[in-house]
There are 2 protein chains.
Amino acid sequence: MVVGLREVAERAGVSVRTASNVANDFPHVAPETRRRVQAAIEELKYRPNTAARQLRRGRTEVISLVVPEISSPYFSELAAITVRVAAERGWTVHIDQTDGDADQERRMILGPAGRSVDGVLCSPWAVSPAELVELAAGPVVLLGERETDGVLDHVAIDNVRASREATLHLLARGDRVIGAIGAQPHLQNGTAELRVEGYRQALESAGLPFRTDLVMPVRSLHRPDGAAAVTRLLEVEPRVDAVFCFSDELALGALRTLLEQGRRVPQDVAVVGFDDIEDGRYSTPTLTTIAPDKTQIVRVALDRLAARIAGQTGSGAEAPLDLVVPHRLLIRESTTSVRTRKG
Amino acid sequence: MVVGLREVAERAGVSVRTASNVANDFPHVAPETRRRVQAAIEELKYRPNTAARQLRRGRTEVISLVVPEISSPYFSELAAITVRVAAERGWTVHIDQTDGDADQERRMILGPAGRSVDGVLCSPWAVSPAELVELAAGPVVLLGERETDGVLDHVAIDNVRASREATLHLLARGDRVIGAIGAQPHLQNGTAELRVEGYRQALESAGLPFRTDLVMPVRSLHRPDGAAAVTRLLEVEPRVDAVFCFSDELALGALRTLLEQGRRVPQDVAVVGFDDIEDGRYSTPTLTTIAPDKTQIVRVALDRLAARIAGQTGSGAEAPLDLVVPHRLLIRESTTSVRTRKG
DNA sequence: GCGTACGTTTGCAACGCTGCAAAGCGTGAA
DNA sequence: TTCACGCTTTGCAGCGTTGCAAACGTACGC
């Protein structure tokens, strides 16, 4: 048996409209009436029908988060934060993963966005922002990718600067032959390019050559890719002093492989990652990394999304913003001291 | 401007009903009519209004997944699989996290479940199944917890057996002083108890005493808890041969701490985890662990949920099922060989 | 030529809720 | 006593879609 406001109203001896008023905390309701309706609501276990409410109000209070994959630590941490921060605004989050597939990405931004969510937070991967803007049916904020040429709001850290800082840190240690792992020429989101650029700038500023043969492309950003890439790197250039990986996962894969091949980290080879995922704080050695302020990313993105949603009815669409969020370089064991160890 | 079936119908010169028929692939539509309506749909970029559809049909094609936390690797892997498997059925997934908080858990199972999702997959934590069944407003399937006394469907591995196998593996190595990390006396979901029980059974079968002082309670199942617990364990019993952790995260935290304290793994102390998260495949040393068949867990749970949803209108509610899914013991470096290493 | 049957199209109503605007009611001022 | 005002309650309609059942048209068999 489905309980609607009708049943509640009947039970409390009021009109449906009054029942609705109570359910929505409308101020002008007599205390006694309110009490009676409340009681009816509880006795009948009334739960508002979201679909009807949405149909009427035109809002869902649901946003969707579209990421390449949920299970990768970076995105799962981001998702967790998003759910938490969204809750502060009374939103719930619909999470979707695209598996890095362009078609799925198109479908997700178009599909769920349709009208069942109020807005979309999207980490694009295979589809360019220019195309996304065509598809978007509602407010969309992009997370962490290249400059979008002002077609859509987007929130990210300054990837070039972060990458430059990471590389400069290695140079400051005295490393001269520095490999980079994580170029992704096949992708449209452009993040990897920015990181290569920062790496290049740092080398240049130190008067060192930018060797493209030390920039290893990867298919995805996971441990196995890092493991494979570092193996290739060692073949290309056995005398490598340090490796800068464009994700912590890559770095952890590389770390593992370096140790397997008998290279001590950081004595023989230093390793820097990117993302500051939790694993890197507990690996052996712990991982030096670029830490984007994830909570800030989410907060800024949701602020922006809220503004877009609120402004939807407004007159002129505001110009898209490129929002930059701070990051830090966290120096840990993989580029500094080594712990003492038996054996 | 909102495009509805009305606009499409107008444009194509047909009735709203016919437009709806085309949008829903109703078979009895003349090819020419279909073509015209299709064209209108595309030109106007018509997207069906989910709310209205749901209101009319009574179905959302959305299920919710309620987990203690998204960012922990086990749950994020589970979530990723769920999204993927659910997609095969045409469902999308609404993910919520409770932060292990009892109230939030209650709200989640009650709230989203209300009528906005067709069913709920829930990993309970702080709330007992008995209470959950009271709250549930629709089909609910529980994941991975104690026997539910038949109040709700639930899917899990055989925790007692898995835990016994892990402990027996250590015993077979010759370990005699074996600690256990991960008791959670404050929780209601009972998983930890089952694992303690399996551990106890194994020790007993080997004629060894079950020492409660070697069973370390933890607040949550993350790396820091594992790190702290193993520190306490070493204080209680410095001569420990092996540690069985009730999650891989605990194990990774323990691993790290053991190494820091100068204990080699596995030569000095062996470590076994539970969950088979990806990190354990890339740690140093790699982690021996109990691997639940996660895909199977999700598949079975969704099958069951689908059956519940389908059977909702049926007459007698079917009796709840306890579904057991297979697991394996994956033996890796943390209980066997050590890699050679320089230095 | 007519009735039947089937393929195709349609109008009506309702899913449960809330915006709107007006009606009902009680109180204090004139 | 009457009027105006504000608090409270109400009815109506419609959000966009689809189930239902009837209407329409055409082709076929008798």
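## Helix 1 against helix 2 in chain A

In this predicted model, helix 1 and helix 2 of chain A are roughly perpendicular to each other. Their packing angle is about 105°, and angles of 65 to 115 degrees count as roughly perpendicular. The axes lie 8 Å apart. Helix 1 covers residues 5–12 and helix 2 covers residues 16–23.

Helix 1 of chain A brings Leu5(A), Arg6(A), Val8(A) and Ala9(A) to the contact. Helix 2 of chain A meets them with Val16(A), Ala19(A), Ser20(A) and Ala23(A). By class, this contact has 6 nonpolar, 1 polar and 1 charged residues.

## The surface near DNA strand C

There are 25 residues around DNA strand C. Those that come nearest are Leu5(A), Tyr46(A), Arg56(A), Thr18(B) and Thr33(B). By class, the surface residues divide into 10 nonpolar, 9 polar and 6 charged.

Both chains supply helices here. Helix 2 and helix 4 of chain A each give at least two residues, as do helix 2 and helix 4 of chain B. Helix 4 of chain A, residues 50–57, gives the most, with 4 residues.

## Contacts to the backbone of the strand

Of the strand C atoms within 4 Å of the protein, 62% belong to sugar or phosphate. The rest belong to bases.

Chain B reaches phosphate oxygens through side chains. An N or O atom in the side chain of Thr33(B) is 2.4 Å from a phosphate oxygen of DNA strand C. For the side chain of Thr18(B), the corresponding distance is 2.6 Å. In chain A, a backbone N or O atom of Asn49(A) lies 3.4 Å from a phosphate oxygen of this strand.

Key. Residues are numbered from 1 along each chain as its sequence is written. Chains are lettered from A and ligands numbered from 1 in the order in which they are written. This is a predicted model: local features need pLDDT of at least 70, side-chain atom pairs count only at pLDDT 80 or more; totals for chains, interfaces and linings use all residues. Side-chain values use heavy atoms; hydrogens and water are left out. Axes are lines fitted to C-alpha atoms, for helices over the stretch in contact, and angles run from 0 to 180 degrees between N-to-C directions. Angles under 35 degrees count as roughly parallel, over 145 as roughly antiparallel, 65 to 115 as roughly perpendicular and the rest as oblique. Contact means heavy atoms within 4.5 Å. Ala, Val, Leu, Ile, Met, Phe, Trp, Tyr, Cys and Pro count as nonpolar, Asp, Glu, Lys and Arg as charged, and the others, Gly among them, as polar. A residue is near a molecule or strand if one of its heavy atoms lies within 4 Å of it. A polar contact is a pair of N or O atoms within 3.5 Å; within protein, one must be able to donate a hydrogen and the other to accept it, and residues adjacent in sequence count only if both atoms are side-chain atoms.
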